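Open your viewer, switch on the cartoon view, and keep the selection tool handy. We will walk through some strands together, stop by stop.

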Amino acid sequence: MKKFNIRKVLDGLTAVSSSSSTAAQTGACKESDAVLESLQSEHFQLCKTVRHGFPHQPSAMAFDPVQKILAVGTLTGALRLFGRAGVECYCQHESGAAVIQLQFLINEGALVSVLADDSIHLWNLRQKIPAILHSLKFNRERVTYCHLPFQSKWLYIGTERGNIHIVNVECFTLSGYVIMWNKAIELSTKTHPGPVVHISDNPMDEGKLLIGFECGVVVLWDLKSKKADYRYNYDEAIHSVAWHHEGKQFVCSHSDGTLTTWNVRAPAKPAQIITPHGKQPKDGKKPEPCKPILKVEYKTTRAGDPFMVLSGGLSYDTVGRRACLTVMHGKSTAVLEMDFPIVDFLTLCETPYPNDFQEPYAVVVLLERDLVVIDLGQIGYPIFENPYPLTIHESPVTCCEYFADCPDELIPALYSVGSRQKRQGYSKKEWPISGGTWGQGTQSYPEIIITGHADGSIKFWDASALMLQVLYKLKSAKVFERARCKEEKANTEMMEEDPFAIQTLCWCPESRMLCVAGVSAHVIVYRFSKQEVTSAEVQLLEVRLRCELNDADSPDPAGEQTPTASPPSPQETEPTTQPSTGSNSSEAARDNMPGLQVRSSALKQSPGYQVELVIQLLWVSGEPPQQITSLAMNSSYGLVVFGNSSGLAVVDYLQKTLLLNMGTSELYSPSEPYQRQPHSPRKTRQPSGALCDPTDGSNAPEERCKSPTSGSPSPCNSEDERKPKFLDKVKYNSRRFSKTVANDFARMSRKISSSNEQKPNTAMGHVESASVSNLRAKCHSLPCRNRVNHSDDGMKMSRKSVKLVFPRTSSDTDFNSKDNCFIRSRSSSVSSIDRESRDAVSSFCFCETFPRKSDSPLSPCVLVGTTQGTVMMVALSLPPGGEDQRLLQPVGVSPCGTVAKLKGAVLTMALLDATGALLPTPYESWYDPNASDEEKEKSKRRRPASPPSSQEGQDCQFAVLCSEKQAKVVAMPSQTRVHKHNITESSFVLRADVVQMAGANCIACFCANGHIMTLSLPSLRPLLDVNYLSLTDMRIARTFCFSNLGQALYLTSPTEVQRITYSLDTCDNLQEMLSELFTPVETPEAPNRGFFKGLFGGGAQSLDREDLFGETTAGKASRSLAQHIPGPGGMEGMKGAASGVVGDLARARIALDERGQKLGELEERTAAMMSSADSFSKHAHDMMVKYKDKKWYQL
């Protein structure tokens, strides 16, 4: 019997469905099939490129003084390596355990990392992408400290039990030589000394090992005789130990804030005890205890007093004082305050040899959120200017945009204005961490990253050639007054901690126009100028946003819970801060007030971005305005359009006037099946907040603008609408980051948890709008669907505001259609569940296309996408006659109905021509607004419009539409669907962009399930689908963005930006583009011991560690103690894979040259010593002959 295959049946149904839809659209499909698509799946490959920013949660640090490379480890098992500016590298331990210590094999191109899971790893840094060569996992003991002597291959490992094991770093095998804790301490000691907190060898005698135990005991161990030479006891616990370079003294830091200096041959008591920050009592008693000194370093100089650098040790009475680094030099003590707690610090010295004068020149201080390098060679200890992009997290990043292939002159222009913002007082010396070399990649197009921050700042970054450098910083908070009292702070209730936070931004690289929207429902338009200007007033446009509640928003009198079609907003569980319905005075106090107060004084604006216009939404009847969900700007038309959950507005920023005020439902034409019919408003029981019929002329506009406040929102069925734990986490973090972000992720979490099958729900709405201007005669309220054309006397606005009322509408929605099951809301209000289910504006696109099906000429338009998946068209009528008439005549705006309907919220829209090429948005080339008229005329030139349609009635454009669930291509002007592709069924798209790559166009999508996809255009063929990154953090979804030429990025942690590529060409060239960490450098010459020290002793004593720790002498270690895990391919395999045979031969040649040079130098030194010995012998013989026969009294 033949098997029944359900998959074949489904495939047959799909084929029938697709063929029927194709037959219905034969003309459009024939036209689209004629488009030749060059992009294929072979053009795509996904890989990480580089990570920028400060290492998140740093825990350890190391420095190679010869290669001049800095390594930083984190609590998440990450490694970041830094060299000169632009030389950065990121790698990750698979276990994710915290890095507790790092040790460089100095000038060997290798690094040892010690993790909290008791594993030790050897990293090969001689390749562009470091890899682990060997790993060693301890099974029975916890690793607490490690030490690798300079030019030694034997690594000392201290454990929690107090034992010390020795590892050969070449093959990562344990030696049989073990120092047991009970042999190291005195036999009479009855208590365990605690874990090993320090290991170091005597600078002048490699056979003497100094071991520090936590309890305060220090032991000088003789490696050859295998016994303790001296034991030093102190009452307080030890945190660190530092040697004097002569090996005769060492310093210990203790938990009571004291420093003890010990003479090696005098273990009875310390030679000196000091408390750097302790108050010295007059009666000679012991100083009061201070906080622990966590680390101390003792560095000597040839021509002066030694340096002693320490962290911690402050007095306990310094409550609230920031972390400090103390530098003691001679009799002077400098206390340097840090902005964040100190994780670790290192003193950079001229020589890597511990037995020579150290000559310190800088201190690298690793803080929890910053990296500081202090210059020890200048008075006042200034800091070096940091060349790394470590200030991304200076304020939390709230939004991010990525622009590739920008105009060439843009980066120099931003750098020129940004260079004036640099701080003064830095050290004049060069940055001391200067190792590595830059990559030699062919990728040379300009790239710019823009980040918006919680403090209202916007940063421009040069991201070209896999580097990152800050270009310019703009502070939007300067436009507003600072809240000085509680009453003023109450107005910023939407975002108490970050009222200036940037929510979204729009930037035109060609015109250099910038538009940003903030969480306090404000929009700022900026122009770029190279000249400083002082504005007497900030141009302000105020918008009154109306929020009305209907019958569906409140529970019925019986208190029964009515199920709704949408889960409640995340804020409904939070206590409401809105005034009660009956409080007239409270409502009146909050009415017509903006979230932020624009400054009234003159504003001095430096060269760079300067304020053109500020648009603010106002409080209405005690309710804050809804946050702006979408924003777009066009420099060619001089328009800004923004929308939220109530509707949209079009603003002419050239004339400073408001052009359009519409609710989302009013954009539908009356004959459209998607139109949401308005209903009568709910009559409130309180007369103070009564709503009147909009046609009743007896009511003043102020009366009609009032909105009743419901006591409680409409509840949902708690059993069916339970949220996952992820939503609770979002709520907890929302106040600290951004309520906008919380709203986005509450929506995402609801989409994941709620069922797609939802019950029908009928919501009531009311449509009304009023436009009131203080600069013209009082006018009547206009219906929202009518076009608003301002007269000449109402065009020029300054601080007098145009007040706009957005309607709230809600009506019956066809929930039988799957397209209506996916909704989005970024509303911040807590008073109505209806705001979760409304049709909010989610995206815009300025274009030149056909407004209606019957239109043949092209005209300026705005495509409007909503959260219910509807794409609508709004036509723009620009005045003819050039620049002069543009500033005098009004711009006409009229809605043209629906273009298409998709599943889920519309994310991005674009237009293609008949050949499939992307039609760029019209723009105006940049000109300096503060330049002379002649210069303006020279630089002003408008981009030519798209060519008109050659044949009337024939489709010559394709509209590309992408939502959270699917993508469609619609032929214009017939508005016939040509192609359709369901992107995902079980998840939803977080970010989608139409991008250019390899000379063609495609749609790039990032889904909530972690998949990154690309679709061809216009056929929507899947080209790439990779499960890259699961959505575990709201930060990723908020900041993920695509760019042209196969680039993308996202914020992988609060302090780091991860850049990725989905282009095969970039992946193939990545090795050339990455920087090189290791460069062949000759090791500095060892210090000269001097002739008499070499003749009579007293110099550094060497130790044959191979003979002492080798298997023949020490035997084998226990196999159960640690497990050896070889790396991929071993040392030779890794080197061969990284650089090939040519690189190995080059390194071998360099090594031979170095060896030959060293042998030559050794031969020269030997000949010089022989000549010196012969000369000494001759002089000694002459002296002996001279005084041989003389008596003692004749001398």
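## A tour of the strands

Start by selecting Val296 and Leu310: Val296 stands opposite Leu310 in strand S23. Keep in mind as you look around that this is a predicted model.

**Stop 1: around Val296.** Extend the selection to residues 307–312, which make up S23; this strand pairs with S22 in the antiparallel sense, over six bridges. Now bring in the rest of the sheet, an open one of four strands in the order S22-S23-S24-S25, with antiparallel pairing. Colour strand S22 (293–299) and strand S25 (332–337) to see the edges: each has a single partner strand, so one side of each is left without a neighbour in the sheet. Look across the strands as well, since neighbouring ones are turned by 15 degrees against each other on average, direction ignored.

**Stop 2: strand S7.** Next, select residues 110–115. How many residues of S7 are buried? Six of its six are, so the strand is mostly covered under the cut-off of under 20% relative accessible area. Show the side chains here: Ala110, Val112 and Val114 point one way, while Leu111, Ser113 and Leu115 point the other way, and all are buried.

**Stop 3: the partners of S7.** Add residues 99–105, strand S6, which pairs with S7 in the antiparallel sense over six bridges. Pick Leu105 to find its bridge partner in S7, Ala110. The two strands form a hairpin with four residues between them, and Asn107 in the turn has a positive phi of about 60 degrees.

Then add residues 119–124, strand S8, antiparallel to S7 and paired with it over five bridges. Which residue in S8 is the bridge partner of Leu111? Click on Trp123 to see that partner. S7 and S8 also form a hairpin, here with three residues between them, and Asp118 in the turn has a positive phi of about 65 degrees.

**Stop 4: another open sheet.** Finally, move to the four strands ordered S14-S15-S16-S17, an open sheet with antiparallel pairing. At its edges stand strand S14 (196–202) and strand S17 (227–233), each with a single partner strand, so one side of each lacks a neighbour in the sheet. The twist averages 20 degrees from one strand to the next. To finish, select strand S16 (residues 217–222), which runs antiparallel to S17 and is joined to it by six bridges. Within this pair, Leu220 has Tyr230 in S17 as its bridge partner.

Definitions and conventions
Residues are numbered from 1 along each chain as its sequence is written. This is a predicted model: local features need pLDDT of at least 70, side-chain atom pairs count only at pLDDT 80 or more; totals for chains, interfaces and linings use all residues. Side-chain values use heavy atoms; hydrogens and water are left out. Two strands pair if DSSP finds at least two bridges between them. Axes are lines fitted to C-alpha atoms, for helices over the stretch in contact, and angles run from 0 to 180 degrees between N-to-C directions. Buried means under 20% relative accessible area, exposed over 50%, partly exposed in between (1.4 Å probe, protein chains only).
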